[in-house]
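Q: Please choose one part of this structure and take me through it slowly, as I am new to reading models. I would also like to know how confident the predictor is before we begin.

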Amino acid sequence: INAEYGIHPASQKHSIVSLSVIKMVKGYSVKPENPTKSCKAKGSDLRVHFKNTRETAAAIKGLNLRKAQRYLSDVIIQKQTVPFRRFSGGVGRNAQAKQHNACQARWPKKSAEFLLDLLKNAESNAEVKGLDVESLSISH
């Protein structure tokens with residue numbers, strides 16, 4: 001097989017040539033304590049800023065599902081802010097940050113939209129497993 005061009009010399013037709021197989025590590029970052037009473041959702045290679053998404057995810061950690069969805073919806077329409085604690089260089093100060101005992105905050109709209117979609121996926125996974133959606137809480 002002519003691996004450089006992906007052409008088999010006998011047939012002169014294009015074919016897909018696999019030169020090497022790379023094994024990727026697959027899985028979730030955290031394994032649940034009780035898999036029967038938990039549901040998971042994962043995003044990978046998202047077209048969104050890491051630092052904004054990290055701060056947004058930290059803001060919803062520990063909340064129940066409905067409260068987190070309401071919070072992210074408020075962030076999108078700029079009724080609430082996401083406090084920036086670790087990656088706070090160059091982040092401006094604003095008055096809404098006082099709600100979170102911080103002084104630097106932003107409204108990362110795109111990150112909030114991606115996390116809302118991720119929460120919707122987790123909610124669907126919970127319904128398929130037969131879990132009570134109202135009692136779900138977010139941990140990561």
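A: The pLDDT is the predictor's confidence in each residue, on a scale from 0 to 100. The model shown here is predicted, and its protein chain has an average pLDDT of 81, with 79% of the residues scoring at least 70. Confidence falls below 50 over residues 1-8, although this stretch still has 17 contacts in the model beyond its near neighbours in sequence. Residues 11-23 also stay under 50, and for them the model has 12 contacts beyond four places in sequence. Where pLDDT is low, the predicted coordinates should not be read in detail. Among the elements of the chain, the mean pLDDT is lowest in β2, at 89, and highest in α2, at 95.

The part to look at closely is helix α1, together with what surrounds it. Several residues of α1 are buried, namely N52, T53, E55, T56, A57 and I60, and the cover over the buried residues of this helix includes α2, β1 (82-83), β2 (105-106) and α3. E55 counts as buried because its relative accessibility is 2%, whereas R54 counts as partly exposed because its value is 25%. These two residues form a salt bridge with each other, in which the closest N and O atoms are 3.3 Å apart.

I60 deserves a slower look. The largest nonpolar core has 19 residues, and I60 is, with Y71, L72 and L119, among those that touch the most other members. Two or more residues of this core come from each of α1 (50-60), α2 (65-76) and α3 (109-129). Leaving aside residues up to four places away in sequence, I60 touches A68, Y71, L72, L119 and I138. In soluble globular proteins, nonpolar side chains tend to be buried together. After α1 comes G62, which has a positive phi, near 90°.

The helices that cover α1 are themselves joined by charged side chains. E123 and R66 meet in a salt bridge with an N to O distance of 3.0 Å, and this pair links distant parts of the chain, with E123 in helix α3 and R66 in helix α2, 57 residues apart. R66 also forms a salt bridge with E134, at 3.3 Å between the closest N and O atoms. Because E134 lies in the segment after α3 while R66 is in α2, this second pair ties together parts that are 68 residues apart in sequence. R66, E123 and E134 are thus linked in a network of salt bridges.

Conventions:
Residues are numbered from 1 along each chain as its sequence is written. This is a predicted model: local features need pLDDT of at least 70, side-chain atom pairs count only at pLDDT 80 or more; totals for chains, interfaces and linings use all residues. Side-chain values use heavy atoms; hydrogens and water are left out. A nonpolar core is a set of buried Ala, Val, Leu, Ile, Met, Phe, Trp, Tyr and Cys residues joined through side-chain atoms within 4.5 Å. Buried means under 20% relative accessible area, exposed over 50%, partly exposed in between (1.4 Å probe, protein chains only). Helices (H or I, at least four residues) and strands (E, at least two) are DSSP runs, numbered from the N terminus. Contact means heavy atoms within 4.5 Å. A salt bridge is a side-chain nitrogen of Lys or Arg within 4 Å of a carboxyl oxygen of Asp or Glu.
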